[in-house]
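Let's take a walk through this structure together. Keep the model open beside you as you read.

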Amino acid sequence: NRSRPESKASILVTPDKMTQVVRDLLGRNPRLTLVSIKTLAASPLTPSAKPAEPAAKVEAKPLDKSPAIDLGLYKHGVEISVEGSYADLVAYLAELEQLPWRMYWGGVNLSAQTYPVSRLTLTVYTLSLDKTWLSV
């Protein structure tokens, strides 16, 4: 007896709550130190089509003739940097993955500081039909 699957939009973190969710989760692990947190500019999920260029004497055929499709979706990102032990940073990432809300991971960078401290810089995104984005 399977329950009705939820739509992806209903389980995504809303843009206005994204920074708070990431920050609240950090508060659950007092051994981690927040280095920085910033919101990234909202951007279309798909790139817009390039404007037509003036015709040249010899026309080259583009490899991809299909224009970008505007889906009306926007990516809203948060970049967070935290420091702690490797084990604490892995635990933080595991907790993020276990949240009932979903985020798309854009990038993860781990750099060693002074032993035993490492710095994790994580970029996560959510999607929205609204271009409006709250900043920190």
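What follows goes from the overall layout to the sheet, then to the helices, and ends with a few single residues.

A quick word on ground rules: this is a predicted model, where local features need pLDDT of at least 70 and side-chain atom pairs count only at pLDDT 80 or more, while totals for chains, interfaces and linings use all residues. Residues are numbered from 1 along each chain as its sequence is written, and side-chain values use heavy atoms, with hydrogens and water left out.

Start with the parts list. The protein has three helices and four strands. Here helices (H or I, at least four residues) and strands (E, at least two) are DSSP runs, numbered from the N terminus. Reading from that end, you meet the elements as α-α-β-β-α-β-β. Of the 136 residues, 29% are buried; buried means under 20% relative accessible area, exposed means over 50%, and partly exposed is in between, using a 1.4 Å probe and protein chains only. Another overall number is about contacts, meaning heavy atoms within 4.5 Å. Take the contacts between residues at least 6 apart in sequence: 77% of them join residues at least 24 apart.

Now for the sheet. Its four strands are arranged in the order 1-2-4-3, forming an open sheet with antiparallel pairing. Two strands pair if DSSP finds at least two bridges between them. Strand 1 (33-44) and strand 3 (104-112) are the edge strands; each has a single partner strand, so one side of each has no neighbour in the sheet. On average, neighbouring strands are turned by 15° against each other, direction ignored. Angles like this use axes that are lines fitted to C-alpha atoms, for helices over the stretch in contact, and run from 0 to 180 degrees between N-to-C directions. As background, strands of a sheet pair through backbone hydrogen bonds, either parallel or antiparallel.

Follow strand 2 (residues 74-84) and you can see both of its pairings. With strand 1 it makes an antiparallel pair over nine bridges, and S43 stands opposite K75 of strand 2. With strand 4 (residues 118-128), strand 2 shares eleven bridges, again running antiparallel. Two of the partnerships there are H76 with T126 and E79 with T123. Strand 2 is also mostly covered, with nine of its eleven residues buried.

Next, look at what packs on the sheet. Helix 2 (residues 15-27) lies across strand 1, strand 2 and strand 4, and runs at about 15° to strand 2. Helix 3 (residues 86-98) packs on the sheet too, touching strand 2, strand 3 and strand 4, with its direction at about 10° to that of strand 4.

How do the axes of helix 2 and helix 3 cross? They come within 10 Å and cross at roughly 135°. That makes helix 2 oblique to helix 3: angles under 35 degrees count as roughly parallel, over 145 as roughly antiparallel, 65 to 115 as roughly perpendicular, and the rest as oblique. The crossing is right-handed, where right-handed means the near helix is turned clockwise from the far one by less than a right angle, and left-handed means anticlockwise. Where they touch, V22, L25 and L26 of helix 2 meet Y92, E95 and L96 of helix 3. By class, this contact has five nonpolar, no polar and one charged residues. For those classes, Ala, Val, Leu, Ile, Met, Phe, Trp, Tyr, Cys and Pro count as nonpolar, Asp, Glu, Lys and Arg as charged, and the others, Gly among them, as polar.

Finally, a few residues to click on. D88 sits in helix 3 and is buried, at a relative accessible area of 11%. Leaving aside its neighbours within four places in sequence, D88 is in contact with N29, R31 and L32.

Then go to the loop between strand 3 and strand 4, which holds P116. A cis peptide bond joins Y115 and P116, with omega about 10°. V117 is in that loop as well and counts as partly exposed, at 30% relative accessibility. Beyond its neighbours within four places in sequence, V117 is in contact with E83, G84 and A112. V117 and L32 are 85 residues apart in sequence, yet their C-alpha atoms are 9.6 Å apart in space.

One last stop is A42, in strand 1. A42 is partly exposed, with a relative accessible area of 21%. The C-alpha atoms of A42 and L127 are separated by 9.4 Å, with their places 85 residues apart along the chain.
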